[in-house]
Amino acid sequence: MKDGLRLLLEAKKLDPVSPINSYVATAAYLANNQIDDAISEGQRTLQLDPNYFYLDSVLAAAYREKGKFPEAIALYSNAEEATHLPSSGLAITYARMGRQADAQKILTQLIQTSESRYVSAPLIAAVCSALGDNEGAFRWLERAYEEHSGVLQWVAFLPEFRALHSDARFPNLLRRIGASQDTILAITETTFSEITDPSAQRHIVLKVGVRPRPGTQNGHVVRIKVDFYDLMKDNKLRPTNAQVSYNWLTFERDWTDATPKFLAATYVRPKSHRPASDERRYGGFVVTVYFDGQLQDSRASPPELSKLDPTRN
C-alpha cells in the first residue's frame, strides 16, 4: 500500500487542484494508518470542493480513527443529507462509541435500502464487522465479490475491516480478488497424495509448503495449522476424528532463507470390523499459517471449507 500511496502523491503533484486525487490520497493515508496526514489531506479536499466525496466521507473516517467522534458525526450527517442514503460510516462511529442500538438501526436501514436501490455491499459488511457480526460481514463481502464491486480490494487495507484479519476466510477472500496484505509467510503448495494402505479405509498425506518473505528473521513463532474434515451421513462437514499426525520434511528451518519449508500432515482412518454409527468419510482440509500469532495465509479444499467460522473448530 505504501507504493500505491507514493504513486497517488505523485499524481497529486501533477494535478494539485483535483479533489479526486486528494480524496483518494486521504483514503491511502488512512489505510497506512497515517491518521494525522489523512485528516490534513481530507481537510484539503474540503477546501478544493466542499461537496466532494465518494460513497462516504473519508475525512470523517479519519476523525473517527483519531477518536474525534463529534467531528466525524457532523461530516457523516452531511453526507446522509447529500446522498439521501443511511451512512455506514455513521453506523461504525456509533458502534465505536458504544451506541449499538443506533448502529444497528442504520444497518437495518441500509439492508432495507439495498432491496430497492444499489448500496455498495462492502459498506454493509463494514457495519456488520463493527457490530462484531463476522458472519454477516463475510456474507456481504461474498455478495460484493459476486457483484464485482469496484471498491472490494480496499478491504485489505481500510481500518473498518481490521477486525476480520484474524479470520481464516479473510486471506482467502483477498487471494480471490487479487488483493494482498503485507504478509511475511505465504503458502506455496498443498499437494494431496493417496497412500495404498491395506489396514486403512483412507491414508492421505498432505504436503504443505510455506515460503517466508525475504528479510524475515529467526526467533519468531511460526505456526502451520492443518485441520482435516470428515463428510458426515447428512453430508455436513465436521472436524475429523481420524488419526492425524505431522512431520517436518524440511529438517533445517531457517526462516531467513526465502525458500519454501515443507510439512507433511497425515490423515489415517483405520479399517473397522464394525460399521461406524456416524459413517464418517474424508471430506477435506483447511491450512492456516500464523506468524507471531498473526494470520498470514490459508488454503482450503473444497473451497467452501474456507467459509466456515474457524472459532467452531
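This is a short tour of a predicted model, moving from the whole chain to two helix pairs and one covered helix.

**Stop 1: the whole chain**

Start with everything selected and coloured by secondary structure. The protein chain holds 10 helices and eight strands. Now switch on the surface: about 16,300 Å² is exposed, and carbon and sulfur atoms supply 50% of that area. Of the 313 residues, 44% count as buried. If you display contacts with a separation of 6 or more, 61% of them come from residues 24 or more positions apart.

**Stop 2: helices 3 and 4**

Next, select residues 35-48, which form helix 3, together with residues 58-66, which form helix 4. The two axes come within 9 Å and cross at roughly 150 degrees. Because angles over 145 degrees count as roughly antiparallel, helix 3 is roughly antiparallel to helix 4. Helix 3 makes a left-handed crossing as it passes helix 4.

Show side chains at the contact. From helix 3 you should pick out Ile-35, Asp-36, Ala-38, Ile-39, Gly-42, Gln-43 and Leu-46. Helix 4 answers with Leu-59, Ala-62, Tyr-63, Glu-65 and Lys-66. Colour them by class and you will find seven nonpolar, two polar and three charged residues in this contact.

As you look along a helix, keep the general pattern in mind: an α-helix has 3.6 residues a turn, so residues three or four places apart point the same way.

**Stop 3: helices 8 and 9**

Move on to residues 121-130, helix 8, and residues 134-146, helix 9. How do their axes cross? They come within 8 Å of each other, at roughly 170 degrees. This pair is therefore roughly antiparallel.

On the helix 8 side, select Ala-121, Pro-122, Ile-124, Ala-125, Cys-128 and Ser-129. Opposite them, helix 9 contributes Gly-136, Ala-137, Trp-140, Leu-141, Arg-143 and Ala-144. By class, this contact has nine nonpolar residues, two polar and one charged.

**Stop 4: helix 6**

Finish with residues 88-96, helix 6. Is this helix mostly covered or mostly uncovered? Mostly covered: eight of its nine residues are buried. To see them, select Ser-88, Gly-89, Leu-90, Ala-91, Ile-92, Thr-93, Tyr-94 and Ala-95.

Then bring back the surroundings. The cover over these buried residues includes helix 4 and helix 8 from your earlier stops, along with helix 5 (69-83) and helix 7 (100-114).

Terms used:
Residues numbered from 1 in each chain as written. Predicted model: local features only at pLDDT ≥ 70, side-chain atom pairs only at ≥ 80, totals over all residues. Heavy atoms only, no water. Helix = DSSP H or I, 4+ residues; strand = E, 2+ residues; numbered from the N terminus. Buried < 20%, exposed > 50% of the residue type's maximum accessible area, 1.4 Å probe, protein only. Contact = heavy atoms within 4.5 Å. Areas by Shrake-Rupley, 256 points an atom, 1.4 Å probe, with all protein chains shown as cover. Axes fitted to C-alpha atoms, helices over the stretch in contact; angles between N-to-C directions. Parallel < 35°, antiparallel > 145°, perpendicular 65-115°, else oblique. Left-handed = near helix turned anticlockwise from the far one by under 90°. Nonpolar A, V, L, I, M, F, W, Y, C, P; charged D, E, K, R; others polar.
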